Amino acid sequence: MNDMRLTERAVTEKAKMSARKVQVYYGSNHALKDVDVDILDKTVTAFIGPSGCGKSTFLRCLNRMNDTVASARVEGKIEMDGHDIYDTRVDPVQLRAKVGMVFQKPNPFPKSIYDNVAYGPKIHGLTRSKAELDEVVETSLRKAALWNEVKDRLNAPGTGLSGGQQQRLCIARAVATGPEVLLMDEPCSALDPIATAQVEELIDELRSQFSVVIVTHSMQQAARVSQRTAFFHLGYLVEYGETGTIFTNPSDPRTESYITGRIG
Amino acid sequence: MVTTHILSAFDRDLEAVQAHVMRMGGLVEAALLDAAEALDNRDEELALRVRNGDRAIDALELEIQTECARLIALRAPAASDLRTVLTVMRIAAALERAGDYAKNLAKRTAVLSQMQPLEGATGSVKRMARAVVVLLKDALDAYIARDAVSAEDVRRRDHDVDQMYNALFRELLTHMLEDPRNITAAMHLHFIAKNIERVGDHATGIAEQVIYLVTGAMPSDERPKAEVVQGAGGRG
């Protein structure tokens, strides 16, 4: 009983993704400079920093979402399990099944709840039969803590759910392809406090299965859900470390200023 | 603590830090009883164990304070959660002091066991230590049960410990008046008695924290105090 907190804090030191000397340019704008970071396996990592600091840009490098931005250019090396994800042989669509993403605003497809979750497994050919697909849909909805609320109306449109439920539906959709890393870009900023708490609890549960990387404007959210925190400022990764240390005794004065509300 | 938080990790954090406080309470209670036993039996080995054991109590206090700082920084506790964290910090500090008194008792035991024993005095000290440990235990039980009524009872019962102290004070004074060669031992025993009496005050302090935790306000009434003996001065 006494070691409960210690278990809580214990994370693996095994890196799931590692970035070295990552630079991102949008045209002539050097948006991200020399970012080195290891995203640990089965750990929640939070990226914090003021607007325009590069945290979302970096998040989008991790599943090559920046490929879709014409003016963006990414340099440096990002590896997942030792394999370069920017290798020309890597199919970005396959990569994104492994490195899923959830966005700021819940964006369910204008389809049924069932089809929203089934979509990924279908296009990636992950299931062979209807029964298998049903099972993936149910497990994914359970993992997203949504099953009990929607099991009787799987054919209802996903857009008819409440905001918090829609966001959990999007998480179920991302979970359905069996990701190894889940990226979340401000997943709670459109949600009320209770729905936020539910999503945060969900993030804490998902951590037992894969890594979660979350970009958040709420420092309290970063403090609550993550085990590792990275602070970005003006395109630099200023400080990266254990969340408790970052929030009680950061080593860089810029981190201290930001988390205490002195710079933004 | 009736209902659980949506974010269950918050509950685990709060429970863990309180479990640490209870463990600390157990160590302090054992240290006080062992120290009193060692004094009464002139058991220097046991006294040494109590002295060394204080390190574990201090380490636990440091850990609790660090955990609480993390909890405040990471979870931004509000209302009863905030009071829980604040009271945990104060209770840990009170227990740490009580542990120091047990250690001091054990130190004086090493000196006293080289001297002529004062008849009956160490037995009285042991009884007083037992009474104080019961008080401490009840205060911590009231804390876990969030029981302000029991806590109020602990506050009242500290009066009994004060009376035991006053009786022991008279007893020691008599020994000193009878034979000046008793003065050194009696002085040591008096410090011991005073320290145990202070542990009682810390138990009362913990009980007050329970009342604050449950009601949100510190008890405002003055706690009943036993008359101080023959100009011996008040507490502290």
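## Two chains, term by term

Chain A has eleven helices and ten strands. This is a predicted model, so local features need pLDDT of at least 70 and side-chain atom pairs count only at pLDDT 80 or more, while totals for chains, interfaces and linings use all residues. Residues are numbered from 1 along each chain as its sequence is written, and chains are lettered from A and ligands numbered from 1 in the order in which they are written.

Q: What makes a stretch of chain A count as a helix or a strand?
A: DSSP runs decide: a helix is H or I over at least four residues, a strand is E over at least two, and both are numbered from the N terminus. On that basis chain A comes out with eleven helices and ten strands, and chain B with six helices and zero strands. Read along the sequence, chain B goes α-α-α-α-α-α.

Q: Why is chain B called as compact as a globular protein of its length?
A: The radius of gyration is taken over C-alpha atoms, and the globule rule is 2.2 Å times the number of residues to the power 0.38. For 236 residues the rule gives 18 Å, and chain B has 19 Å, which is close, so the label fits. The C-alpha trace of chain B spans about 70 × 40 × 20 Å along its principal axes.

Q: How does the radius of gyration of chain A sit against a compact globule?
A: It agrees: a compact globule of 264 residues would be near 18 Å, and chain A has 18 Å. Its C-alpha trace spans about 55 × 50 × 30 Å along the principal axes.

Q: What makes a residue buried?
A: Count the other C-beta atoms (placed from the backbone) within 10 Å of its own: 20 or more is buried, 12 or fewer is exposed, and in between is partly exposed. Buried residues make up 45% of the 264 residues in chain A and 42% of the 236 in chain B.

Q: How do you know that S1(A) and S2(A) pair?
A: Pairing needs at least two DSSP bridges between two strands. Strand S1 (residues 15-26) and strand S2 (residues 29-40) of chain A are joined by eight, and they run antiparallel. One of the partnerships is A:Val24 with A:Leu32 in S2(A). The two strands form a hairpin with two residues between them, and A:Gly27 in the turn has a positive phi of about 60°.

Q: Why are H1(B) and H4(B) called roughly antiparallel?
A: Axes are lines fitted to C-alpha atoms, for helices over the stretch in contact, and angles run from 0 to 180 degrees between N-to-C directions. Under 35 degrees is roughly parallel, over 145 roughly antiparallel, 65 to 115 roughly perpendicular, and the rest oblique. Helix H1 (residues 8-41) and helix H4 (residues 121-145) of chain B pack at about 170°, with axes 9 Å apart, so they are roughly antiparallel.

Q: What about H5(B) and H6(B)?
A: The axes of helix H5 (residues 148-178) and helix H6 (residues 183-215) of chain B come within 9 Å and cross at roughly 170°. These helices are therefore roughly antiparallel to each other.

Q: What makes residues of chain A and chain B count as in contact, and how many does each chain give?
A: Two residues are in contact if their C-beta atoms, placed from the backbone, lie within 7 Å. The contact takes 18 residues from chain A and 18 from chain B. On the side of chain A that touches chain B, H8(A) gives the most, with six residues.
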